[in-house]
Structures are given as C-alpha cells and as structure tokens.
Amino acid sequence: MSTKIAREPAEALWGLLRDSAFASLRDDFTKRVSECSLSLSQGKLIRELARPQSQRELARLLHYDPSNITSLADSLEARGLLERRPDASDRRFRLLALTPDGERLRSQLEDRLAKPPAFLNRLTHAEQVELLELLGKLFDNQPRQPR
C-alpha cells in the first residue's frame with residue numbers, strides 16, 4: 001500500500017500517525033493487556049508501578065483523575081495484584097505498590113509488549129532500520145518517563 005501525499009508531507013505524515021499508527025498501536029496494546037486479564041487502564045497503571053508511587057503521582061503520569069486511580073487501585077487490590085503502603089517520608093500518604101503476584105503479572109505484560117507487532121513485518125529489514133533512524137531523529141530529544 002502506498003501513501004498518497006495530496007498535501008504538505010508533514011500534514012500527510014501527521015494524519016497517518018494520528019489516524020492510523022496511533023490507533024493500530026492502541027489496539028495492539030489493548031489486545032496484549034487483555035491477554036493478561038487487564039483492562040487498558042489497569043495495564044497502564046501496572047506498567048507505571050515499577051516502584052511504589054503515590055496515587056497523585058500516578059494520576060499525573062497517566063493523565064487520569066485521581067478518583068480513577070482509586071478505582072483502578074481498588075480493583076487491582078481486590079485481585080491481590082496491588083497493595084497500599086504507608087509512605088515512609090510522610091505517613092499521612094499511602095503508596096501503591098505491586099504485590100509479588102502483581103510483579104509477576106507486570107513482568108509477563110512487559111514480555112508481551114516487548115514483541116513487535118506483526119504489521120512491522122510489512123517492512124524489509126532495511127526499511128525498519130531507516131524508519132527507526134527517522135523516528136529516533138524525531139523523538140530522541142524528548143524526555144521519557146521511566147517505566
């Protein structure tokens with residue numbers, strides 16, 4: 001399939017990324033998360049819990065309302081995947097932390113997410129390298145949130 005460039009290349013590229021690439025990546029992520037018996041939001045929260053964090057910080061990182069974090073934490077806690085711990089620096093606050101079962105599930109999820117989606121096989125090895133270089137040029141200067 002070739003992409004027609006009917007307007008400025010930057011506009012066409014943005015449209016392709018916004019309307020096709022992001023949707024394909026979201027759908028692939030959702031499928032892999034559901035294979036771990038998690039909702040999309042639960043999967044995002046599990047991934048952010050590489051270390052214990054406050055609900056406020058998680059809400060900021062995930063761009064969720066704090067009440068959504070409470071609901072997600074409640075559902076994961078009920079499944080034995082997450083626990084609330086007192087914050088050592090301020091005992092008025094609670095941190096969310098994965099239980100050993102939650103750590104195993106997080107590891108399983110990360111293993112699933114590490115495998116490239118099948119649609120990348122539409123490109124030759126050389127095309128994959130070229131695309132990697134181009135995307136690296138666009139995104140290497142942007143700060144990344146630790147996972």
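## Exercises on a predicted model

R47 is buried, its relative accessible area being 15%. The model is a predicted one, and the exercises below concern its helices, its nonpolar core and several individual residues.

**Exercise 1. Classify R47 as buried or exposed, and identify the side chain with which it forms a polar contact.**

*Solution.* Begin with the location: R47 belongs to helix α2, which spans residues 40-48. Next, compare its accessibility with the cut-off. Buried means under 20% relative accessible area; R47 has 15% and is therefore buried. Finally, consider its partner: the side chains of R47 and E110 are joined by a polar contact of 2.6 Å.

**Exercise 2. Describe how helix α1 packs against helix α5, and state which residues make the contact.**

*Solution.* First, the geometry. Helix α1 (residues 9-34) and helix α5 (residues 100-114) meet at an angle of about 145°, and their axes are 10 Å apart. The crossing of α1 and α5 is right-handed. Second, the residues: α1 contributes F29, R32 and V33, while α5 contributes L109, R112 and L113. Third, the classes: four of the contact residues are nonpolar, two are charged and none is polar.

**Exercise 3. Carry out the corresponding analysis for α2 and α3.**

*Solution.* The angle between α2 and helix α3 (residues 55-62) is about 115°, with the axes 11 Å apart. The handedness of this crossing is right-handed. On the α2 side the residues are K44, L45 and E48, and they meet L58, L61 and L62 of α3. Sorted by class, the contact of α2 with α3 holds four nonpolar and two charged residues, and no polar ones.

**Exercise 4. Determine how many residues the largest nonpolar core has, and which element gives the most to it.**

*Solution.* The largest nonpolar core comprises 21 residues. Those with the most contacts inside it are L38, L45, L49, I69, L76, L82 and L96. At least two residues of this core come from each of α1, α2, α3, α4 (66-78), β3 (90-98) and α5. The greatest contribution is that of α4, with four residues. To see the surroundings of one core residue, take L38: leaving out residues up to four places away in sequence, L38 touches V33, G43, I46, L76, R79, L81, L105 and L109.

**Exercise 5. Compare the accessibility classes of Q53 and Q128, and list the residues that each one touches.**

*Solution.* Take Q53 first. Q53 lies in strand β1 (residues 53-54). Its relative accessibility is 5%, so Q53 counts as buried. The side chain of Q53 reaches the backbone oxygen of E48 at 2.4 Å. Not counting residues up to four places away in sequence, Q53 touches E48, L58, L61, L95 and L96.

Turn now to Q128, which is part of helix α6 (residues 125-139). Q128 has 30% relative accessibility and therefore counts as partly exposed. Apart from neighbours within four places in sequence, Q128 is in contact with L120, N121 and L123.

**Exercise 6. Explain what is notable about the phi angles of S37 and H63, and state where these residues lie.**

*Solution.* Start from the general expectation: most residues other than glycine have a negative phi. S37 is not a glycine, yet its phi is positive, about 60°. H63 likewise is not a glycine and has a positive phi of about 60°. As to location, S37 is in the loop between α1 and α2, and H63 is in the loop between α3 and α4. At 71% relative accessibility, H63 counts as exposed.

Key. Residues are numbered from 1 along each chain as its sequence is written. This is a predicted model: local features need pLDDT of at least 70, side-chain atom pairs count only at pLDDT 80 or more; totals for chains, interfaces and linings use all residues. Side-chain values use heavy atoms; hydrogens and water are left out. Axes are lines fitted to C-alpha atoms, for helices over the stretch in contact, and angles run from 0 to 180 degrees between N-to-C directions. A crossing is left-handed if the near helix is turned anticlockwise from the far one by less than a right angle, and right-handed if clockwise. Contact means heavy atoms within 4.5 Å. Ala, Val, Leu, Ile, Met, Phe, Trp, Tyr, Cys and Pro count as nonpolar, Asp, Glu, Lys and Arg as charged, and the others, Gly among them, as polar. Buried means under 20% relative accessible area, exposed over 50%, partly exposed in between (1.4 Å probe, protein chains only). A polar contact is a pair of N or O atoms within 3.5 Å; within protein, one must be able to donate a hydrogen and the other to accept it, and residues adjacent in sequence count only if both atoms are side-chain atoms. A nonpolar core is a set of buried Ala, Val, Leu, Ile, Met, Phe, Trp, Tyr and Cys residues joined through side-chain atoms within 4.5 Å.
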